[in-house]
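Got the model loaded in your viewer? Here's a walk through it, one selection at a time.

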Amino acid sequence: MTDKTIADLIEDRFGLPTEDGRGMPAEGEISALLTHRSHRRFKPDAVPDEVLRIALAGAFSAPAKSDLQQGTVIIVKDPAVRAKIDAMVGSQDWIPNAPAFLVFCGDNHRMRLIAEARGTPYPNGHLDSFLNCAGDAAIVLATFVRAAEAMGLGCCPVSVIRDKIEEVSDLLQLPDHVFPFAGMGVGYPSTAGHISLRLPPALNVHTDRYNDENVIKEIDAYDRRRDARHATPPEKQRMTKEFGVAEFYGWSEDKARQYATPQRKQLAAFLKSKGFGLD
Ligand SMILES: Cc1cc2nc3c(=O)[nH]c(=O)nc-3n(C[C@H](O)[C@H](O)[C@H](O)COP(=O)(O)O)c2cc1C
């Protein structure tokens with residue numbers, strides 16, 4: 001039993017006052033969603049295969065575009081393969097310590113095999129196919145996070161594997177029409193972690209029409225709220241050589257700097273090499 005209410009959890013998540021859910025105890029699925037946090041520090045305990053299989057069963061219970069079910073997960077168990085992936089994502093030092101590692105893929109390969117087996121044409125190898133696969137992979141990934149947390153696990157997705165998308169794809173022997181969407185470190189958390197403040201609903205929930213009138217003003221206020229809870233120390237600022245050390249370094253400064261240099265420009269060429277049409 002807890003004295004907290006859903007309203008308290010929403011306030012924790014957004015750093016803004018609300019009366020929504022003031023009469024609702026902080027429990028159940030909505031409470032679990034509101035208290036989500038990624039985990040990058042784990043106890044050394046292995047994740048039992050059965051627990052992983054249950055979490056995956058939960059993940060694959062998610063909805064899928066047209067029931068096509070175009071998500072696939074590779075459980076990386078072979079220590080040699082794992083070591084190669086760990087080395088590829090060297091910038092993320094926590095990954096080798098994650099007891100389990102999965103790779104979530106978008107998978108149009110099965111549809112191609114089905115068309116071949118049924119003797120039907122497949123005139124849909126264009127951008128929508130890719131988008132459907134990416135959507136399914138993302139939904140399976142997000143649902144896995146929920147299922148894993150419900151089983152007492154903690155996890156953190158790893159899109160950094162896409163920096164080495166060709167190498168990861170070769171290593172996992174992904175066939176044509178399959179691509180790695182993100183990895184996932186999984187284990188029993190060794191720390192409580194923390195709630196990461198989200199952008200306010202004023203920015204990401206609109207009624208009847210898109211409204212970007214107050215974006216920068218709202219983001220400035222969000223930056224301040226987030227900094228008050230979790231300031232970025234000067235040594236953690238990005239690209240100080242190019243942009244200097246900012247006196248106030250909020251979320252938006254961090255994201256602007258993160259995307260001030262080109263990233264993963266090899267993606268389209270990789271997808272084309274795997275048979276995806278991007279037209
Ligand atoms: C598709 C996807 C890819 C991600 N890739 C990484 C990653 O490569 N490294 C990392 O440390 N966190 C990664 N994350 C975790 C996010 O940084 C994290 O979800 C975000 O900071 C919000 O924090 P929270 O999950 O604790 O609320 C990823 C999350 C998603 C959904």
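## A turn in the open

This is a predicted model, and our tour starts with a single glycine. Select Gly-119: sitting just after helix α5, Gly-119 takes a positive phi of about 70°. Now extend the selection back over α5 itself, residues 109–118. Just one of the ten residues of α5 is buried, so this helix lies largely in the open.

**Zoom out: the whole chain**

Show everything as a cartoon. You should be able to pick out twelve helices and four strands. The radius of gyration is 21 Å, close to the 19 Å that the globule rule gives for 279 residues, so the protein is as compact as a globular protein of that length. Along the principal axes, the C-alpha atoms fill a box of roughly 60 × 50 × 45 Å. Buried residues make up 25% of the 279 residues. Of the contacts with a separation of 6 or more, 75% are between residues 24 or more positions apart.

Next, colour by domain. The domain assignment splits the protein into domain 1 (1–35), domain 2 (49–193) and domain 3 (196–262). If you want a distance to draw, the C-alpha centres of domain 2 and domain 3 lie 29 Å apart.

**Select 49–59: a helix with two faces**

This is helix α3. Which residues of α3 are buried? They are Leu-52, Ala-55 and Ala-59. These buried residues cover an arc of only 65° around the axis, which puts them on the same side of α3. It helps to recall that an α-helix has 3.6 residues a turn, so residues three or four places apart point the same way.

Spin the view to the face turned away from the buried side, and you'll find the exposed residues Glu-50, Arg-53 and Ala-57. Then go back to the buried side and switch on its neighbours: among what covers the buried residues of α3 are β1 (71–75), β2 (100–107) and α6 (127–150).

**Select Cys-105: inside β2**

Since β2 is already on screen, pick out Cys-105, which lies in that strand. Is Cys-105 buried or exposed? Cys-105 is buried, with 26 other C-beta atoms within 10 Å. Leaving aside residues up to four places away in sequence, Cys-105 touches Thr-72, Ile-74, Ala-137, Leu-174, Val-178, Phe-179, Pro-180 and Phe-181. For a distance to try, click from Cys-105 to Ala-64: they are 41 residues apart in sequence and 14 Å apart in space, C-alpha to C-alpha.

α6 has a stop as well. Gly-135 is found in this helix, and with 17 C-beta neighbours inside 10 Å it counts as partly exposed. Draw a line from Gly-135 to Ile-219, 84 residues away along the chain, and their C-alpha atoms turn out to be separated by 27 Å.

**Select Gln-69 and Gln-173: two unusual backbones**

Most residues other than glycine have a negative phi, and most peptide bonds are trans. With that in mind, look at two glutamines. Gln-69 has a positive phi of about 55° although it is not a glycine. You'll find Gln-69 in the loop between α3 and β1, where it counts as partly exposed with 16 C-beta neighbours inside 10 Å.

Gln-173 also has a positive phi of about 55°, and it is not a glycine either. Look for Gln-173 in the loop between α7 (165–171) and β4 (178–187). Gln-173 is exposed, with 9 other C-beta atoms within 10 Å.

**Slide along to His-177**

Stay in the loop between α7 and β4, because His-177 has its place there too. His-177 is buried, with 23 other C-beta atoms within 10 Å. What does His-177 touch, not counting residues up to four places away in sequence? The list is Asn-108, His-109, Arg-112, Lys-274, Gly-275 and Phe-276.

**Last stop: the ligand**

Finally, show the residues around the ligand. The surrounding set is His-36, Arg-37, Ser-38, Gln-92, Cys-156, Pro-157, Val-158, Ser-159, Val-160, Ala-182 and Ser-196. Which strand gives the most to this shell? Strand β3 (residues 154–158) does, with three residues. Colour the shell by residue type and it divides into five nonpolar, five polar and one charged.

How values were computed
Residues are numbered from 1 along each chain as its sequence is written. This is a predicted model: local features need pLDDT of at least 70, side-chain atom pairs count only at pLDDT 80 or more; totals for chains, interfaces and linings use all residues. A residue is buried if 20 or more other C-beta atoms lie within 10 Å of its own, exposed if 12 or fewer, and partly exposed in between; C-beta atoms are placed from the backbone. The arc is that of the directions from the helix axis to the C-beta atoms. Two residues are in contact if their C-beta atoms, placed from the backbone, lie within 7 Å. Domain bounds come from an automatic or database domain assignment. A residue is near a molecule or strand if its C-beta atom, placed from the backbone, lies within 6 Å of it. Ala, Val, Leu, Ile, Met, Phe, Trp, Tyr, Cys and Pro count as nonpolar, Asp, Glu, Lys and Arg as charged, and the others, Gly among them, as polar. The radius of gyration is taken over C-alpha atoms; the globule rule is 2.2 Å times the number of residues to the power 0.38.
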